[in-house]
Amino acid sequence: MAFDLDTFAETSEAVTWHDLDFDAFEERPLDGATLRTLRYMCDVEYHTSCFLRDMLVTPSHREEDAAGFMTMWNREEFWHGEALAAVLARHGIVVDYDELKAKRVKLGWRLALGTLKQSALSNLIGPDFVAVHMTWGAANELSAVAAYRRLAELNEHPTLSVLLQRISQQETRHVAFYTTQARERLEASTRAQTLVRLILEKVWKPVGSGIMDEPEVQHVMGHLFGGRADDLDKLDKRLQRLPGLGTVTPFRSAFGRLGIR
Amino acid sequence: MTDAPPGYRADGHLHSDGSTRPVVRTDFDVDKYVRGARGRIHVSASGPVISGRAARDLAFLWRLEVAALAEMRSLLTSWTGNETRITAFLATWAYERYWLARAARDLLTAAGRPLQANGRRPLSARIRSYGIDRFLPLVSPVVGGVLGEPLAAGHVARMAVQEGALRAGLAAVRARLEGEASDAVGEIIARRTDFVDFFRAETRARVERSTAERASAVVMLSRPWAPLRAVGVADAAEVQALSSIFDTPAALADLEASDLAVGAILPGRPTPALDLVLRARRRRRAAPERNTHGL
């Protein structure tokens with residue numbers, strides 16, 4: 001699916017949930033494992049501004065399409081956080097401004113140095129670094145879509161599953177942007193292809209790994225994808241369609257390193 | 001709490017344990033603002049008529065309008081990125097700024113007027129731009145980590161001055177527009193009121209609560225930074241544009257009032273936007289042979 005910024009911007013909207021019956025959570029509350037996964041997802045969505053920051057320190061912020069996309073994407077992800085926080089609130093879990101600030105502050109130098117590292121690498125590697133970013137983004141968004149769909153399927157909840165499908169539908173548009181951008185840049189540079197292959201295989205980790213502790217990443221990814229090797233293979237195959245990436249298996253590799261097979 | 005995951009306290013919190021200062025809360029209702037986000041301002045493809053001078057001035061303001069993400073980057077790469085009520089606001093602010101910039105661009109395009117200035121930016125601006133692009137992201141997170149929360153007061157003070165100055169500039173240009181162009185710029189001005197109100201309220205709340213935050217605001221509003229620039233970097237047509245936009249006593253008074261909405265609560269009563277415009281007017285008077293906007 002090619003990406004059209006004008007159409008994307010015109011149709012960008014906050015995910016809605018006010019038409020859904022949240023009283024269903026009283027009748028059928030979510031279990032602890034689901035709540036833990038939802039909290040992970042909620043945090044990742046709300047901390048999109050941190051991922052945005054990392055993208056803004058690379059050359060991509062100067063490109064009109066990328067800048068327009070990032071603006072819309074940041075807002076859409078914020079609303080994903082709001083929606084998931086509303087579900088968590090129904091279960092007595094508070095994710096408000098102070099809670100989120102406390103998390104970011106506790107990440108402390110890890111967040112700050114992450115930005116510094118992105119900027120330094122970007123300066124060192126040059127424009128090819130944007131290909132890394134776009135492919136990384138594609139991998140993240142693909143895993144987000146898969147995660148939301150998997151959680152919806154695991155619960156078959158009349159309210160939660162509908163909400164998660166709505167969120168995953170918006171995420172598929174993000175996938176379109178990242179894969180379109182990645183394809184263009186990889187087609188244009190064999191150096192970028194080599195770089196991206198190396199980074200995907202050796203460095204990429206599931207979405208949220210930059211801000212969540214590893215035990216949490218392991219737990220959530222295990223909950224969603226434990227024993228689902230076929231799902232991981234499908235995700236790898238999506239990335240393998242990109243130029244020069246025909247042999248990569250970042251999902252199998254990264255999940256394997258977490259002990260999830 | 002229903003079958004809560006591990007680590008939660010009885011009040012439903014996981015991370016917020018009193019060790020982190022709560023977010024600043026003001027009378028500005030961020031929740032209401034983000035729910036009411038405003039999108040595209042429609043401009044007809046063949047409608048607006050804009051004179052040469054008004055178009056050049058509007059194009060200058062458009063070049064500032066379109067720099068929202070660059071401004072956001074400055075905030076996010078430092079401590080201010082931890083302030084979740086601010087980043088919540090910024091997510092919608094950037095979206096609205098995108099559409100404000102789009103409206104200005106559509107107006108100029110429909111009127112057959114250019115968007116970019118002729119000529120190059122001054123060498124000092126090009127050097128500053130390079131530094132902000134390449135080195136600020138390396139330095140800012142470290143400085144933010146060391147100085148901490150008081151830095152946010154400086155950032156929001158800058159944004160308050162910048163948004164106020166942009167509004168004053170647009171109002172001055174609007175006085176020279178008619179019909180659809182006037183209406184569209186009027187809408188841009190109206191929407192900007194929320195930006196101004198948020199950043200001013202945020203600034204006031206922070207500078208009134210500590211000396212460190214007052215000092216942060218004073219330092220960050222000082223030169224070499226200046227408003228009416230994209231992240232403090234001068235436009236190629238800055239001297240001509242600012243002299244043209246703020247060419248009446250009323251426009252200057254409006255700009256001064258905007259600056260003082262923040263300046264009046266700070267030591268020294270800084271008026272950075274007014275100062276920049278007065279410097280531009282002096283330079284313009286000193287170089288009368290140069291054509292308007294480098295043409």
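Is Arg25(B) buried, partly exposed or exposed? Arg25(B) is partly exposed, with a relative accessible area of 47%; on this scale buried means under 20% relative accessible area, exposed over 50% and partly exposed in between, using a 1.4 Å probe and protein chains only. This is a predicted model, where local features need pLDDT of at least 70 and side-chain atom pairs count only at pLDDT 80 or more, while totals for chains, interfaces and linings use all residues. Residues are numbered from 1 along each chain as its sequence is written, chains are lettered from A and ligands numbered from 1 in the order in which they are written, and side-chain values use heavy atoms, with hydrogens and water left out.

Let's stay with Arg25(B) for a moment. Its side chain meets that of Asp98(A) in a salt bridge, 3.3 Å from N to O (a salt bridge being a side-chain nitrogen of Lys or Arg within 4 Å of a carboxyl oxygen of Asp or Glu). The pair crosses between chains: Asp98(A) sits in helix H6 of chain A, and Arg25(B) in the segment before H1 of chain B. Helices here are DSSP runs of H or I with at least four residues, numbered from the N terminus. Unlike its partly exposed partner, Asp98(A) counts as buried, at 18% relative accessibility.

Now step back to the whole interface. Chain B puts 55 residues into the contact and chain A 53, contact meaning heavy atoms within 4.5 Å. Together the two chains bury about 4,700 Å², 60% of it on carbon and sulfur atoms; that buried area is the accessible area (1.4 Å probe) lost when the two parts are put together, summed over both. Seven salt bridges turn up across this interface, and Asp17(B) forms one with Lys106(A), with the closest N and O atoms 3.2 Å apart. On the chain B side, the elements giving two or more residues are helices H1 (30-35), H3 (68-76), H4 (84-110), H5 (123-134) and H6 (136-147). H4(B) gives the most, with 12 residues. By class, that side has 25 nonpolar, 14 polar and 16 charged residues. For that count, Ala, Val, Leu, Ile, Met, Phe, Trp, Tyr, Cys and Pro are nonpolar, Asp, Glu, Lys and Arg are charged, and the others, Gly among them, are polar.

Glu83(B) is a good place to zoom in. You'll find Glu83(B) in the loop between H3 and H4 of chain B, buried at a relative accessible area of 1%. A polar contact of 3.0 Å joins its side chain to that of Lys101(A), and another, of 3.4 Å, joins the side chains of Glu83(B) and Arg206(B). Such a contact is a pair of N or O atoms within 3.5 Å; within protein, one must be able to donate a hydrogen and the other to accept it, and residues adjacent in sequence count only if both atoms are side-chain atoms. Leaving aside neighbours within four places in sequence, Glu83(B) is also in contact with Val23(B), Glu149(B) and Ala152(B), among others.

Just before that loop, H3(B) is mostly covered, with eight of its nine residues buried. Those buried residues include the charged pair Glu71(B) and Arg73(B). Over in chain A, helix H4 (residues 48-56) is mostly covered too, again with eight of nine residues buried, including Arg53(A) and Asp54(A).What about the nonpolar interior? The largest nonpolar core has 169 residues, of which Leu38(A), Phe89(B), Trp93(B) and Phe246(B) touch the most other members; a core is a set of buried Ala, Val, Leu, Ile, Met, Phe, Trp, Tyr and Cys residues joined through side-chain atoms within 4.5 Å. H4(B) supplies the largest share, 16 residues. Not counting neighbours within four places in sequence, Phe89(B) is in contact with residues including Phe28(B), Tyr33(B), Phe195(B) and Phe199(B).

Finally, back to charge: over all chains, the structure has 44 salt bridges. One of them, at 3.2 Å from N to O, joins Asp23(A) and Arg90(A), which are 67 residues apart in the chain. Both ends are partly exposed, Asp23(A) at 41% and Arg90(A) at 33%.
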